[in-house]
Amino acid sequence: MKFDESFWDERYRQHGSVWSRNPNPSLMTEAASLRPGSALDVGSGEGADSIWLARQGWRVTAVDISSVALARAAERAAEDATVAGRIVWVHHDLTAMPPPAGTFDLVSAQFMHLPLAQRTELYHRLAASVAPGGTFLIVGHHPDDLATGIRRPSQPGLLFTPEEIAAELDPEEWQIDVCEARRRSVRDADGNSVTVTDSVLRAHRRS
């Protein structure tokens, strides 16, 4: 299956809401203590993370491959004029063209799952877009989730540990602040409580 623009547009069209309206919990935890500045929300989807960041005072560039998702996100953000004024919605495929280097005080990629080679290249480009002193935040599904029975991408390389991402960052350029397999409870398709594991990597670029 190819997770391209057509795939995501069709998925969003088929559902009134694909994701919850809630921001990702690890984003709230890891960004709460950061001074607001410029943020890049990678794969912004229906906009919950971007809207939360804007409410904290961040100026957000929200990028997604799906124009359907972006239109939905912009509509939700428009409910608060102050929030809407802090977000720029960008229809773009970051795997095809990287963001500008050294630009953002925060680059956040929440559950952006790609094949290994493509993911490595994209994360390298995303890291390069972090400004000196800025924060790089990556959150994804941990490979341990494959043993829970909950629905997760099963193709090899799509899931990752935080250590895998940390190993790609030059220690002379980056300080690793958080590298954690973080557990949380969710409901499966039958409504049962299941413990899943998130790979959480937060690093800041040395000034």
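In this predicted model, strand 1 (residues 38-42) pairs with strand 2 (residues 59-64) through five bridges, and the two strands run in the parallel sense. Within this pair, alanine 39 of strand 1 has valine 60 of strand 2 as its bridge partner. Strand 2 is also joined to strand 3 by five bridges, again with a parallel pairing. Here aspartate 64 is matched with histidine 91, its bridge partner in strand 3. Such pairing between the strands of a sheet is made through backbone hydrogen bonds and may be parallel or antiparallel.

These strands belong to an open sheet of seven strands, arranged in the order 3-2-1-4-5-7-6 with mixed pairing. Strand 3 (87-91) and strand 6 (174-187) form the edges, each having a pairing partner on one side only. On average, neighbouring strands of the sheet are turned by 15 degrees against each other, direction ignored. Helix 4 (residues 67-77) packs on this sheet, where it touches strand 2 and strand 3. The direction of helix 4 makes about 165 degrees with that of strand 3.

The connection between the paired strands 1 and 2 includes helix 3: strand 1, helix 3 and strand 2 together make a right-handed β-α-β unit. Helix 3 spans residues 48-55, and seven of its eight residues are buried, so the helix is largely enclosed by the rest of the structure. The buried residues are Ala48, Asp49, Ser50, Ile51, Trp52, Leu53 and Ala54. Just after helix 3, glycine 57 adopts a positive phi of about 105 degrees.

A further buried position lies in strand 4 (residues 104-110), which contains glutamine 110. The relative accessible area of glutamine 110 is 8%, which is under the 20% limit, so this residue counts as buried. Its surroundings include Asp49, one of the buried residues of helix 3, and Val42, the last residue of strand 1 (residues 38-42). Glutamine 110 also touches Asn24, Leu27, Leu137 and Val139, where residues up to four places away in sequence are not counted. In addition, the side chain of glutamine 110 makes a polar contact with the side chain of serine 108, at 3.1 Å.

Conventions: Residues are numbered from 1 along each chain as its sequence is written. This is a predicted model: local features need pLDDT of at least 70, side-chain atom pairs count only at pLDDT 80 or more; totals for chains, interfaces and linings use all residues. Side-chain values use heavy atoms; hydrogens and water are left out. Two strands pair if DSSP finds at least two bridges between them. Helices (H or I, at least four residues) and strands (E, at least two) are DSSP runs, numbered from the N terminus. Axes are lines fitted to C-alpha atoms, for helices over the stretch in contact, and angles run from 0 to 180 degrees between N-to-C directions. Contact means heavy atoms within 4.5 Å. Buried means under 20% relative accessible area, exposed over 50%, partly exposed in between (1.4 Å probe, protein chains only). A polar contact is a pair of N or O atoms within 3.5 Å; within protein, one must be able to donate a hydrogen and the other to accept it, and residues adjacent in sequence count only if both atoms are side-chain atoms. A crossover is right-handed if, with the strands pointing away from the viewer, the path from the first strand over the helix to the second runs clockwise.
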